[in-house]
Amino acid sequence: MEERSPRSLRLSRVFPATKANRTLPVPAGLINSLLKGGAAAAFGLALEELWRKLPKVQAFLWVRDASNHFRLQAVAGVPRAALEGFEEVQEASLKSACLGSPEDWLGGAVHLDTQQHILYRVFGERPGGAALALQEPPANLTLPLVADQQVWAVLHLHAQAQHLGQAEAKWVGQFFSGVAPILREVYLREQAQRESLWLSVINDLLRTSREQPLELALQEALEQATRLAGAEGARLIAFEGQAIRTIAQAGWGAGLPVEAAITRQLSEQLHKGQQVNIPRYHLYPSQHPELVEAGLCSLFMLPIRRRGSETSALLLFSAQPWLPDALTQTLLGDLAEAIGLVQVEWALRRELAWAAYTDPLTGLGNRRAFERDLEKLTARPSGRVVVLIVLDLDDFKAINDTYGHLHADHLLVRLGGVLRSRARAGDRAFRLGGDEFALIIEGSSSLSPQRIAERYRAMLEEIRVSDRTYLRVSLGYAVYPTEVGDPQSLWRLADDQMYKDKARRKGRIPLLAAGLEPTRWMLQIETPLFRLVSRLAQVLNMQPEERQVLQAGCYLLELAMGRVAPALEVQIPEGLLREAARILMYLHSPWDGVQRSQGLSNERIPRAAHVLQVAQYFIAAIEAVEGRSARSIEEALREIAAQTQQRFDPMVVEALFALRDWLSNELTA
C-alpha cells in the first residue's frame, strides 16, 4: 500500500456543543464506576464509554509496567483473542508508531495520521488477520497520557477516515483529559495494593515461627504467590547434584512432574542466576510431550541463590497462556530473595541446634539433648511407655591405656555410627559423656525392654577392638510409667540397673588368666556354636555359674563333633565337668512345658541344656552336610519356631529371634 503523509483532517461531523459537553466531558456516573473497581475494569469501562461515542473505531489502551514496557490493558471494537501474542511492546516501538514530534509525545498531544494500521507499524505485521483488517481510507489517532513528565499510557484508535477526524480527536482529548487522572489513580492504587499484599506474604515468611516447620511456611507462601501472580500452580525445588528435589508445592499440578521441563540448558541458566520465561510451552523445542498432554502451557522459573553453590528455584506455571507482568516479576524476585534468606537462616538454626544438642565425636545426641527429650516424652500423657536404657563400656580405660586415645576415639565414632544406622525407627541414642550412653525408646505396653536392650548390647559388642577382642557393654533399663513416675527416677533406676549388670559381668575371667580359681572359671573359644551360646546367655541374663556350665558343655560338644582339638591348657574343674556332662545327657530331651526329662527319672533339666539344644540345631541347619544344602538364617529360624513348645524352650527361641541381626552379621561373615 502506498504510504501517505500525515494530514490535518477536517471535521467529519460536529458533536452538539451542549453545556454538559463543554464543562464535563466525563459523566459523573462513569467517574463513580471507575473508582469502584480495579484497574483492568476501569480501563475497560473507559474504552467502552469511548466506543459508545465512537462505535466505528478500534481502540487500544497500552499502560507502562515496571520494566518500561507497555502492556495492552484494554481493547474495544476488536476481539481480544485476535491480539494473542501481541500484548506487550517496547516504548521505542510505540513512540516510533506515533508520527508526531517528540514534543507531541511528551506533551500528551493528540495526533492524527492516515498511515497503516498502528499495530502493523508497531509489530511489523497485522495480528488477528481479518479481525484487524485495514479500513480504507484509514485514520489513526495516538494520544500519549503524560504524568510526572513521563508517558504512562498510550491510547491508539483506528477507523475509516470518515469516522475519525478532528472533531472526534477533540472529543477524545477532552474525554481523556478528564478520565486519565482517574485511571492513573486507580492504577497506582491497585499497584500499591498489590505491592502491599506481596510484602505481607514476604513479611509473614520472614517472621516464620521456629515452632512451625519450614516446609509448611514455604507452602503457604507459594499458595499466596500463585494467587497473586495469576498462575495456577507453583513449586519450590532444590538442585542436589544431578537430582531435583521438591521442597514445597501449591495449586494445580501437584502430581505433575514439572521438574522434567528443566533441561540441562535451563538448569545451567538457573545456576547462573538467570530467570526463564516460557509463555508457550507446547512450542518450546525441548518440550516433554507428557507435560503438554497433561495441560502445561506456561512456565516461569526464577533462581534462588543460597550459600556457596547451592541453588533452589521458584517455578510458577499454568494450563493457560500466562506470564507474570514486570511488577509481578519484580515482586516474585523479592519473594525468591526472602525464600533464600529464610532457607539460609533455617540452615544456620539447624547447625546451631546440632552443635548445641549433638555430641561432635559420635554424632549422637548429647547430655543436653538427652535431658530435653526425656523430659518431653515423660511429660506428655500419650498412653504409651518410655524405656530408658543406660549403657556403659566395660574396661574402656584399659582400651585407652593399651591402644591410645586415638584408637579409643575411633571406637566411639564407630559406636555412634552403629547406633545411628542400625537403631530401630524412632529410637533415640545419646552420649552422656565419656563411655556412657543412653537410648530412649517409646512404644506400646507390649514392648519387651529386655529383648530390645539385649539386641542393642549384641549390636555394640560386634564392634572389634583388636583382632581377638570386642567391645563389652554393661546396661540397665527402666520403664516409665510402669516402674517409676518421673524422669529423674527413671534415669536413676536405669543407672542403678546398669551398675548391677556391670558388677555381675566382672566375674568373667579369660580361660588362661593366671591364678585361675574353679569358682571363677570362664571359657572362650572361637567357634560359631560357642559364640552363639554366649550371646544367648547374655540375652537370657544367665548367672555366671550357669554360663560356666553352658560354656563347658558347649566345649565338650565341640570336642565330640571334632570342631575343636583337645587342649591341655583347658582345665575344667571336676564339679563343672560333671555338670557339663549332665547337660549333654539332656541334649535331645524335648521341651514339655516344665523342663523335665521323661527318660531320666523325671528330674528337672537344666536350662543350659535347652540353650545348647537350640543353638546346636540352628548351627547345624545353616551348615551344609552331605545330602543337604545349607539353609538360610530365616529358614532355620522358621524351622525352630515351628517346633517351639514341643521340642524347644520358648524363652530360648525368643532369645534367638532377638539376635536375628547379630546372626546375619556375625555367623554369615
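Good morning. I begin with an enclosed space: the second largest cavity of this predicted model holds about 30 Å³ of space. A search of the whole structure finds 2 cavities of 30 Å³ or more.

Which residues line the second largest cavity? They are Arg422, Arg455, Ala458, Met459, Glu462, Ala658, Leu659, Asp661 and Trp662. Two elements give two or more residues to this lining, namely helix H15, residues 449–460, and helix H23, residues 660–667. The most comes from H15, which gives 3 residues. By class, the lining of the second largest cavity consists of 5 nonpolar and 4 charged residues, with no polar ones.

I turn now to the pockets. The second largest pocket has a volume of about 850 Å³. It is lined by 33 residues, and the closest to its centre are Arg71, Glu87, Leu323, Pro324 and Asp325. Several elements give two or more residues to the lining of this pocket: helix H3 (39–53), strands S2 and S3, helix H7, helix H8 (214–229) and helix H11 (326–357). The lining of the second largest pocket divides into 16 nonpolar, 7 polar and 10 charged residues.

One residue of that lining deserves a separate description. Glu87, among the residues closest to the centre of the pocket, is found in the loop between strand S2, residues 69–76, and strand S3, residues 88–90. Is Glu87 buried, partly exposed or exposed? Its relative accessibility is 25%, and Glu87 therefore counts as partly exposed, since the partly exposed class lies between under 20% for buried and over 50% for exposed.

What does Glu87 touch, once its neighbours within four places in sequence are left aside? Glu87 is in contact with Trp62, Phe70, Arg71, Leu72 and Arg80. Of these contacts, Arg71 is also listed among the residues closest to the centre of the second largest pocket. For Trp62, which is 25 residues from Glu87 along the chain, the C-alpha atoms of the two residues are separated by 8.7 Å.

Finally, I come to helix H7, one of the elements that contribute to the pocket lining. H7 runs over residues 166–206, a total of 41 residues. How does its expected span compare with the distance between its ends? At 1.5 Å a residue, H7 should span 60 Å, and its end C-alpha atoms lie 57 Å apart, so the two values agree. Along H7 there is a kink of about 35° at Val179, shortly before the proline Pro181.

Thank you for your attention.

Notes
Residues are numbered from 1 along each chain as its sequence is written. This is a predicted model: local features need pLDDT of at least 70, side-chain atom pairs count only at pLDDT 80 or more; totals for chains, interfaces and linings use all residues. Side-chain values use heavy atoms; hydrogens and water are left out. Helices (H or I, at least four residues) and strands (E, at least two) are DSSP runs, numbered from the N terminus. The expected span of a helix is 1.5 Å times one less than its number of residues. The bend at a residue is the angle between axes fitted to the seven residues ending there and the seven starting there. On a 1 Å grid over the protein atoms alone, a cavity is a set of points where a 1.4 Å probe fits but cannot get out, and a pocket is an open set with protein on both sides within 12 Å along at least five of seven lines; lining residues have an atom within 4 Å of a point. Grid points are joined across faces, edges and corners, and a volume is the space filled by probe spheres set on the points. Ala, Val, Leu, Ile, Met, Phe, Trp, Tyr, Cys and Pro count as nonpolar, Asp, Glu, Lys and Arg as charged, and the others, Gly among them, as polar. Buried means under 20% relative accessible area, exposed over 50%, partly exposed in between (1.4 Å probe, protein chains only). Contact means heavy atoms within 4.5 Å.
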